[in-house]
Amino acid sequence: MKNKIPLHFFLMCCIFFIAALACNAQTNLSTPTSTAAVLPTMAPPNPPLRFPSMTKQKAGAPASLPETRSDQAGDPDSSIDAHKKMVPGGDTFVNDLYERPFNTNTMDTYFPNYDIVDTQGFKDDTWGYATITLSGLDVNNHLSGKYGVEIDLDRNGRGDFLILASKPSSTDWTRRGVQAWKDANGDVGGTVPIVADTDTTGDGYETLVFNQGKSDFPGGAWVRISPDDPKTVDLAFMLDMLGNPTSFMMGAWAGSDASLNPAQFDFNDHMTHIQAGDPDPSMQVYPLKGLSEIDNTCRLAIGFVPTGNEPGVCNGIPPKKPASAGVADVPDVPDVPGTTQQHHPPKKLVMK
Ligand SMILES: [Ca+2]
Ligand SMILES: [Ca+2]
Ligand SMILES: [Ca+2]
Ligand SMILES: [Ca+2]
């Protein structure tokens, strides 16, 4: 008799077969998943954009300063007359030239680390450079101030960028403490650049374009103490950050954190001579008052030959000396003060 397969056995076989198929299907489905789980250990096909971009934007520090200097200017060394609570010259408030490395009112504290005695400018294809030499270090043998340059791209006397370095302490280039400010709305200088205006306010340098490496230009500006001279600050800034100028004017600044306030440029537009005071005892508004602990220089010509008529430029058309009768000679201060006759008339000193 022919053996019949029991119906229940046949059904069990079918169930087992279907279950096996399902199991196999699950195994097949799980395979890509496990393969994908392995992938992260390999190089990701699309790494986050910020990675390569950070690597690419990170610019190296500048190297040594160029061998050829573009321009240089001296500035009065006020240590000479510091004990007399006065300066040897170099301060013409109405023409944006200051020589005020003293405390306010009493002028009994002289700050050699705020007193510029020399500045130099350099330029290559990538960088602009400045050196700022101070009369001395502070009582702790540090340069505990702010040091910077004001850059006038179109030579009209109206500053465009202000680069400031706070408390430089290393002979290696660093971005620590360095900021670059821009006058994006063009109100630095007020109505008449360089010259004191009576009714101008404005917000000075209001736009922070570089802040210790955090910006669109991570390698934009650097500072170091000169490896050759502990009283000299070296600054370097990428020309790219300034729009790649081929030439510019550049003046040096030094002062305390409080005095070198970017929003107060130009200082002689934000306060009167009476409010600012003066470091010259022969002036009626002596001593220093609202503007103290600060020094600046005339503006160097970088990448061009000045005519002498550029507002604020060094070695401009020399001012005439006033008639001798009843008026003291203007202190003879070589290399100071960029003083074009049109913009920097001589200071009248009344005899005591
Ligand atoms: Ca000065
Ligand atoms: Ca000085
Ligand atoms: Ca002005
Ligand atoms: Ca402004």
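Two strands count as paired if DSSP finds at least two bridges between them, where strands (E, at least two residues) and helices (H or I, at least four) are DSSP runs numbered from the N terminus. The model is predicted, so that local features need pLDDT of at least 70 and side-chain atom pairs count only at pLDDT 80 or more, while totals for chains, interfaces and linings use all residues. Residues are numbered from 1 along each chain as its sequence is written, and chains are lettered from A and ligands numbered from 1 in the order in which they are written.

**Exercise 1.** Determine the strand order of the five-stranded sheet and describe how β1 is paired in it.

Solution. Begin with the inventory: the protein has four helices and twelve strands. Five of the strands form an open, antiparallel sheet in the order β1-β3-β4-β10-β9. Its edges are β1 (71-74) and β9 (221-225), each of which pairs on one side only. On average, neighbouring strands of this sheet are turned by 15° against each other, direction ignored, with axes taken as lines fitted to C-alpha atoms and angles running from 0 to 180 degrees between N-to-C directions. Finally, β1 is joined to strand β3 (residues 116-123) by four bridges in the antiparallel sense, and within this pairing Ala73 stands opposite Thr119 in β3.

**Exercise 2.** Place β6 within the seven-stranded sheet and identify its bridge partners.

Solution. The order of this open antiparallel sheet is β2-β12-β11-β5-β6-β7-β8, with β2 (99-100) and β8 as the edge strands. On one side, strand β5 (residues 146-152) pairs with β6 in the antiparallel sense over six bridges, and Glu150 has Leu162 of β6 as its bridge partner. Strand β7 (residues 178-182) is antiparallel to β6 as well and is joined to it by five bridges, one pair being Phe161 and Lys182. Elsewhere in the sheet, β11 and strand β12 (residues 294-302) pair antiparallel over seven bridges, with Ala301 in β12 as the partner of Met249.

**Exercise 3.** Is strand β6 mostly covered or uncovered, and which residues does Ile163 touch?

Solution. A residue is buried if 20 or more other C-beta atoms, placed from the backbone, lie within 10 Å of its own, exposed if 12 or fewer do, and partly exposed in between. By this criterion five of the six residues of β6 (161-166) are buried, and the strand is mostly covered. Next, take contacts, for which the C-beta atoms of two residues must lie within 7 Å: leaving aside residues up to four places away in sequence, Ile163 touches Gly148, Val149, Ala180, Ala221, Leu235 and Phe237. Ile163, Leu235 and Phe237 touch the most other members of the largest nonpolar core, which has 63 residues; such a core is a set of buried Ala, Val, Leu, Ile, Met, Phe, Trp, Tyr and Cys residues joined through C-beta atoms within 7 Å.

**Exercise 4.** Why is Val192 classed as partly exposed?

Solution. Val192 lies in the loop between β7 and β8 (207-211). Val192 is partly exposed because 15 other C-beta atoms lie within 10 Å.

**Exercise 5.** What is the mean pLDDT of the protein, and where does pLDDT stay under 50?

Solution. The pLDDT, the predictor's confidence in each residue from 0 to 100, has a mean of 80, and 73% of the residues reach 70 or more. It stays under 50 over residues 1-5, for which the model has one contact beyond four places in sequence. Over residues 318-352 the pLDDT is also below 50, although this stretch has 72 contacts beyond near neighbours in sequence.
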